[in-house]
Amino acid sequence: MTFTSLRHWLSEIEKRGLLKQVNRRVSLKYELAAVGKKADGRYALRFNNVEKATMPVVTGILGSRELIALAMGVTREKVLDHFARAQANPGQCVLVSADDAPVKEKVTHRVDLGSLPAPIHHEKDGGPYLTAGVLVAKDPVTGVRNVSIHRLQVLGPNRLGILILPRHLFQFFRAAEAAGRPLEVAVAIGLDPLLLLASQALTPPGCDEFTIAGALYGRPLELVKCETVDLEVPARAEIVLEGRLLPGVREMEGPFGEYPKYYGPASPRPVVEVTAMSSCRDPIYHTIIPATMEHLLLGAIPRESGLLQIIRNAVPNVVNVHLTPGGGCRYHVVVSIDKQNEGEAKNAIFAALSSSQEIKHVVVVDKDVDIFNSVDVEWAVATRCQAGRDVFIIERALGNRLDPSSDDGLSDKMGIDATIPLNAESGRFEKIRIPGEDAIKLEDYIE
Ligand code: MN
């Protein structure tokens, strides 16, 4: 089954006991985020009674690897290759009329962003933030669409502050601003998991991320024209904001609690002036609580998918990769290989480090280690690694500025080879084993 709307997805995970209802009254200031965080990685939550809100709020809708596999319709082991295939073989988008687009059931040109239940997530956040908005824009030169998620601070009834990191939207806005023109944007909130994941694909410029969603669906993504801007948005979004990034305008945005579990500082940043809002009759609002598994996995799956292909080019017998939650699903990667030649672990480390400036520490283990189990990985580092021989450090390469230990982005990189030497004497690294253990069910033995 393919889930091409948020509500279809919610009904499926509720059937499976993975979505819980919260009927108790909760505050948008801290309380909603605090409750959501308690359920992190276990349940999605639907808050039905949010203070001052006219609509329910959901969070944690793709908070585990099992949920992502379910959304893709594949086993957990196939998720990364499935995503890579969709990215390599983009699908289609199809334009539908407003009559066939649920998001057009209500349209208003007198926007009050205060009507949206945007939470204040963390103690020092600069205000309420929209965190699950998928932003659509077109390259002012080529007209090619780009799709990306940005944190958006509610600054006024029709104004949003935005953080634009130097990727594709940044180029579009720079070109528009240089010409003294606004850049039209639309922000879709309340989307299905595959569309959210597609928006996070690491693509070259000129790739329309919506076509990756079409490939993940296995059928065209339905889009509908906006009211006040020349853009198309998902017809089954719950809510769409339309507006313009204003040239030459900067207002204070931040601070904001980010994925590395630190605050991104406040700074003057670009502003979106909102010109229209559309929604379905009874919209459901989606918020992503920063640094939860939902947030981290949205970034991790596309990154791991790309990383696996890059390492495979260098070390064909790579088995799997894991960007660990402790590293914010950005800075730490564990790689398992089916080692055939001495030195392959180091080559896998080079490949991983060169794949992205974000990656800081790489651990390579043998395929008998469960890379999703941090105790197992630590055991491999403890018993299969000698630091003088197996650890190497490259000083002051380019890293991530959000890592507070970096020197304005300059960051040391480390590789740890925790694989067994191929010439080790027989039996020296034999893992202890109890015959029959795997087949035993504890419930059969205890009262
Ligand atoms: Mn892009």
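**Entry 1: the metal site**

I start with a term: a donor here is an N, O or S atom within 2.8 Å of the metal, and since water is not among the atoms, a site may look incomplete. I also note that this is a predicted model.

Which residues coordinate the manganese ion? I looked and found Asn-146 through OD1, His-168 through ND1 and Glu-209 through OE, at 2.1 to 2.2 Å. Along the sequence, I wrote the spacing of these donor residues as N-x21-H-x40-E. I then placed two of them: Asn-146 belongs to strand 8 (residues 145-149) and Glu-209 to helix 7 (residues 209-217), so this pair ties together parts that lie 63 residues apart in sequence.

Are these two buried or exposed? Asn-146 has a relative accessible area of 5%, which makes it buried. Glu-209 is buried too, at 3% relative accessibility.

**Entry 2: the cysteines**

Next I went looking for disulfides, taking a pair of cysteine sulfur atoms within 2.5 Å as the test. My count came to zero. I checked Cys-93 by itself: its nearest cysteine sulfur belongs to Cys-207 and is 10 Å away, so against the 2.5 Å cut-off Cys-93 is in no disulfide. Cys-93 is partly exposed, with 25% relative accessible area. I looked at Cys-385 as well, and at 12% it counts as buried.

**Entry 3: around Val-391**

Cys-385 led me to Val-391, since the two touch. I find Val-391 in strand 24, which covers residues 391-398. With a relative accessible area of 24%, Val-391 is partly exposed.

What else does Val-391 touch, leaving aside residues up to four places away in sequence? My list adds Gln-386, Met-414, Gly-415 and Ile-416. I also took a distance to Glu-443: from C-alpha to C-alpha, Val-391 and Glu-443 are 43 Å apart in space, and 52 residues separate them in sequence.

**Entry 4: two helices that pack**

I finished with a helix pair. Packed helices are described by the angle between their axes and the distance between those axes. For helix 3 (residues 65-72) and helix 8 (residues 293-314), I have an angle of about 65 degrees and axes 11 Å apart. Their crossing is right-handed.

Which residues meet there? From helix 3 I noted Arg-65, Ile-68 and Met-72, and from helix 8 Leu-297, Ala-300, Ile-301 and Glu-304. Sorted by class, this contact has five nonpolar residues, two charged ones and no polar ones. The charged ones are Arg-65 and Glu-304, because Arg and Glu both count as charged.

How values were computed
Residues are numbered from 1 along each chain as its sequence is written. This is a predicted model: local features need pLDDT of at least 70, side-chain atom pairs count only at pLDDT 80 or more; totals for chains, interfaces and linings use all residues. Side-chain values use heavy atoms; hydrogens and water are left out. Donors are N, O and S atoms within 2.8 Å of the metal (3.2 Å for Na, K and Ca); water is not among the atoms, so sites may look incomplete. Helices (H or I, at least four residues) and strands (E, at least two) are DSSP runs, numbered from the N terminus. Buried means under 20% relative accessible area, exposed over 50%, partly exposed in between (1.4 Å probe, protein chains only). Contact means heavy atoms within 4.5 Å. Axes are lines fitted to C-alpha atoms, for helices over the stretch in contact, and angles run from 0 to 180 degrees between N-to-C directions. A crossing is left-handed if the near helix is turned anticlockwise from the far one by less than a right angle, and right-handed if clockwise.
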